[in-house]
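Here is a short report for a reader who is meeting this structure for the first time. Please keep the 3D view open while reading.

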Amino acid sequence: MSLSDAAAPYGAQSGAVPAPRKAVTLSRLADMRARGEKIAMLTAYDATFAAVADAAGVDCLLVGDSLGMVCQGLDSTVAVSMEAMRHHTESVARGLRRVQGAAWLIADLPFGSYQASREQALRSAITLMQAGAQMVKLEGGGWTVDTVRFIVERGVPVCAHLGLTPQTVHALGGYKVQGRDDSSAARLLDDARALQDAGAAMLVLEMVPAALSARITGELTRCATIGIGAGSGTAGQVLVMHDMLGVNLGKPPKFVRNFMAGSDGIEQALRAYVQAVKGGTFPDDTLHAW
Ligand code: KIV
């Protein structure tokens, strides 16, 4: 596909394009959550895949700092720079604009760009918003609450991230399921409530037991939970796009399903993912949860 025809939605060349989707907004996401329509999110790092994912009906695109592993070949997300996040956010935003995309665009604040102070966090968030993001995501529990409130009050929508927080993989001792015992489960629940109260409109729950993420989802009335390896009870799901397309430098995590299997091409695989999330057939808690 070429993005040379700036006015045409992705796929318009084939003449098989449905009417453009309505833009996904914060209020539409809140409405989906309230109606129980599952939110389908994927990562994207470049213009072309962003356009294909948008055409496939993905609700939200995340320029994840997983780009460090997927695009840069790093071992973890720790070394991902603000400049890399800005560059990929601009690319994805440009791809969406070129096809008049509808997906809601979230970008990760990388490690080291928000820990020092809430002012540092705001400056970093503004950089990503000016690169085209509509929301920023940051990792961490209680200590991030003041930062989240500060950023939200200044007009930046925030997605929080609890459970396995890959930027702190070394402190956590590896990529392990979080919230397995009563005290860590209670802490996650308290942190989730506090982040909602601080104004986080979305919360990624990564590698958390299915029962706990369903409980957190039930308790939060103003914040949509998005699970990754967190069972089927969340308001939505996210996967790293390369993982769900079966393109991976290592072994994909256990919670991933390869949507290329049985699909004719990438757009069809992405559509199958959206349908599986919305239809409740992914994740399957007997296979993809703890
Ligand atoms: O960086 C990333 O891609 C993420 C998601 C997988 C949640 O944070």
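## Ser-232 and its loop

Ser-232 sits in the loop that links E7 and E8. The model is predicted. Is Ser-232 buried, partly exposed or exposed? Its relative accessible area is 29%, so Ser-232 counts as partly exposed; the buried class ends under 20% and the exposed class begins over 50%.

Apart from residues up to four places away in sequence, Ser-232 touches Lys-38, Gln-237, Pro-283 and Asp-285. Phe-49 lies elsewhere: its C-alpha atom and that of Ser-232 are separated by 26 Å. Along the chain, these two residues are 183 residues apart.

## The barrel

Which order do the strands follow around the barrel? Eight strands close the ring as E1-E2-E3-E4-E5-E6-E7-E8, and the pairing is parallel. On average, neighbouring strands of this sheet are turned by 25 degrees against each other, direction ignored. Strands of a sheet pair through backbone hydrogen bonds, either parallel or antiparallel.

## Strand E3 and its partners

E3 covers residues 104–108. Five of its five residues are buried, so E3 is largely enclosed by the rest of the structure. Trp-104, Ile-106 and Asp-108 point one way from the strand. Leu-105 and Ala-107 point the other way. Residues on both sides are buried.

On one side, E3 pairs with E2 (residues 60–63) over four parallel bridges. Here Leu-62 stands opposite Ile-106. E3 also runs parallel to E4 (residues 135–139), and three bridges join the two. Ile-106 has Met-135 as its bridge partner in E4, while Asp-108 has Lys-137. Helix H5 (residues 118–130) lies across E3 and E4. The helix runs at about 140 degrees to E4.

## Strand E6 and its partners

How many of the five residues of E6 are buried? The count is five of five, and the strand is mostly covered. Met-202, Val-204 and Glu-206 are on one face. Leu-203 and Leu-205 are on the other.

E6 pairs with E5 (residues 158–163) in the parallel sense, over five bridges. E6 and E7 also pair in the parallel sense over five bridges. Leu-203 appears in both pairings: Ala-160 is matched with Leu-203 in E6, and Leu-203 is matched with Thr-225 in E7.

## The nonpolar core

The largest nonpolar core has 89 residues. Which residues have the most contacts inside this core? They are Leu-61, Met-202 and Tyr-273.

Met-202 belongs to E6, where it is buried. Leaving out residues up to four places away in sequence, its contacts include Trp-104 and Ile-106, both residues of E3. Met-135 is also among them, as are Val-158, Cys-159 and Ala-160. Others include Leu-29, Met-41 and Cys-60. Cys-223, Ala-224 and Ile-226 are contacts too.

## Cavities and the largest pocket

A search of the whole structure finds two cavities of 30 Å³ or more. The largest holds about 40 Å³ of space. Two strands, E7 (224–228) and E8 (236–239), each give two or more residues to its lining. E8 gives the largest share, three residues. The lining also includes Phe-255, Phe-282, Pro-283 and His-288. Two of the lining residues, Gln-237 and Pro-283, are also contacts of Ser-232.

The largest pocket has a volume of about 800 Å³. Its lining has 35 residues. Ser-66, Met-69, Val-240, Asp-243 and Pro-253 lie nearest the centre. The elements that give two or more residues to this lining are H3 (67–70), E4, E6 (202–206), E8 and H10 (241–244).

## Two further residues

Asp-75 lies in the loop between H3 and H4. Its relative accessibility is 72%, so Asp-75 counts as exposed. Beyond its neighbours within four places in sequence, Asp-75 is in contact with Met-69 and Tyr-175. Met-69 is also one of the residues nearest the centre of the largest pocket.

Ser-91 is found in H4 (residues 82–98). Why does Ser-91 count as buried? Because its relative accessible area is 13%, and buried means under 20%. Not counting residues up to four places away in sequence, Ser-91 touches Tyr-45, Asp-46 and Ala-47.

Key: Residues numbered from 1 in each chain as written. Predicted model: local features only at pLDDT ≥ 70, side-chain atom pairs only at ≥ 80, totals over all residues. Heavy atoms only, no water. Pairing = 2+ DSSP bridges. Axes fitted to C-alpha atoms, helices over the stretch in contact; angles between N-to-C directions. Contact = heavy atoms within 4.5 Å. Core = buried A, V, L, I, M, F, W, Y, C linked by side-chain atoms within 4.5 Å. Buried < 20%, exposed > 50% of the residue type's maximum accessible area, 1.4 Å probe, protein only. 1 Å grid on protein atoms, 1.4 Å probe; cavity = no way out; pocket = protein on both sides within 12 Å on 5 of 7 lines; lining within 4 Å. Points joined across faces, edges and corners; volume = space filled by probe spheres on them.
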